[in-house]
Amino acid sequence: MMENLGFIGLGNMGLPMSINLLKAGYKVYGFDTNSQAIEQFIAQGGVGLATAKEVAEQGDIIMTSLPTPQIVEQVYHSEQGIIHHAKKGSLLIDFSTVNPELNDSLHKVAQSLGLRYLGAPVSGGVIGAIHATLTIMVGGEEADYQKGSKIFGIVGKNIYHLGTSPSVGTRIKLLNNLMIGFYTEAVAETIVLGEKMGIHADMLYEVLKNSYGQSRIYERNYVEYMKNENYQPGFSTNLLLKDLKLAKNMAEEAGVPLRIGEKLVDLYSDISQQGYGENDMSAAYLSLKEKCKIEQI
């Protein structure tokens, strides 16, 4: 018999992930503060509920995909939250990117109440969520991982169980996003500088995609977004900035100076303040182009 699933956070990532679970034949109960997201979820066959509490009461496996650590903490710990209303033995899976300490504390509280918990941040963006090609970085007990493994295989492609620490996946995800911050600004600066020297961005990409300057972020940012003049957020500047701040805090705790990383926090703060915070992170190009006053590619 298939478990009942709960999904809290039907946003850019959570909605396509929950839809893939529906397509796999699961009954999925969902909640989001955005009524339009719930309507889309219901239209795909999901059962929309009015509160996170109701989802927690219904699900055998309860998943969350939420934008900030503060919202995750509220959804789990508030009086109407998951921790207080999930059925004993339920598996809680958080796909959000949070601070590692939050994963550890949620795991500890869940265990004390007879619940299971996995920290399982994802990489791959909205396209990965839609096509179920996400990389999922799971931390937690082996038995809990095995209980959730079928779910992971439905919503993702590259699944890693990284150890029993509930925060190990988050630590790796923050390292990943630190590199994304480097690459995204590198792509913006390279293309703007090339254009300033009269080199068309298409020509530059054609050469560099077969050179050591190539990266998956270059391909993603240029081919999917910049080339199409499309800056609808697959991964917004503000979310990248949030993750860079978390990575910076993690580095400070480890006593590692981030010689470039610290500057990235200031850089993406400026890009956000320029008005590109809700755009896709590839809009770092627009931000620099605006400063240099050159024509659109």
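Strand β6, made up of residues 116-119, is joined to β5 by four bridges, and the two strands run parallel. This pairing is a convenient place to enter the structure, which is a predicted model. Within it, aspartate 94 has glycine 119 of β6 as its bridge partner. On the β4 side, four bridges likewise link strand β4 (residues 61-64) to β5, again in the parallel sense. Here methionine 63 is found opposite isoleucine 93 of β5.

The side chains of β5 (residues 91-94) are split between two directions: Leu91 and Ile93 point one way, while Leu92 and Asp94 point the other way. All of these residues are buried. Aspartate 94, the residue that bridges to glycine 119, is thus listed among the buried positions of β5.

A further set of strands comes next. Strands β7, β8 and β9 form an open sheet of three strands in the order β7-β8-β9, and its pairing is mixed. At the edges lie β7 (122-123) and β9 (156-161), each of which pairs on one side only. As a general reminder, the strands of a sheet pair through backbone hydrogen bonds, in either a parallel or an antiparallel arrangement.

The two pairings of β8 can be taken in turn. With β7, strand β8 (residues 134-138) runs antiparallel, and two bridges join them. Serine 123 has threonine 135 of β8 as its bridge partner, and valine 122 stands opposite isoleucine 136 of β8. With β9, the pairing of β8 is parallel and extends over five bridges. In that pairing, leucine 134 is partnered with glycine 156 of β9.

Burial in β8 follows a clear pattern. Five of the five residues of β8 are buried, so the strand is largely enclosed by the rest of the structure. Leu134, Ile136 and Val138 point one way from β8, whereas Thr135 and Met137 point the other way. Residues on both sides of β8 are therefore buried, since a residue counts as such under 20% relative accessible area.

Two residues in loops deserve a look for their backbone angles. Alanine 132 is not a glycine, yet its phi is positive, at about 60°. This alanine is located in the loop between α7 (125-131) and β8. Its relative accessibility is 19%, so alanine 132 counts as buried. Glutamate 229 also has a positive phi in a residue other than glycine, with a value near 50°. The loop that holds glutamate 229 runs between α11 (216-226) and α12 (237-254). Glutamate 229 is exposed, because its relative accessible area is 52%.

The chain as a whole can now be described. It contains 14 helices and nine strands. The radius of gyration is 20 Å, close to the 19 Å that the globule rule gives for 297 residues, so the chain is as compact as a globular protein of that length. Along the principal axes, the C-alpha atoms fill a box of roughly 65 × 45 × 35 Å. Buried residues account for 51% of the 297 residues. Of the contacts with a separation of 6 or more, 65% are made by residues 24 or more positions apart.

At the surface, the chain exposes about 13900 Å², with 53% of that area supplied by carbon and sulfur atoms. The side chains include 25 positive and 32 negative ones, and the centres of these two sets lie 3 Å apart.

How values were computed: Residues are numbered from 1 along each chain as its sequence is written. This is a predicted model: local features need pLDDT of at least 70, side-chain atom pairs count only at pLDDT 80 or more; totals for chains, interfaces and linings use all residues. Side-chain values use heavy atoms; hydrogens and water are left out. The radius of gyration is taken over C-alpha atoms; the globule rule is 2.2 Å times the number of residues to the power 0.38. Buried means under 20% relative accessible area, exposed over 50%, partly exposed in between (1.4 Å probe, protein chains only). Contact means heavy atoms within 4.5 Å. Accessible areas come from the Shrake-Rupley method with a 1.4 Å probe; for residues, only the protein chains shown count as cover. Lys and Arg count as positive and Asp and Glu as negative; His and the chain ends are not counted. The place of a charge is taken as NZ of Lys, CZ of Arg, CG of Asp or CD of Glu. Two strands pair if DSSP finds at least two bridges between them.
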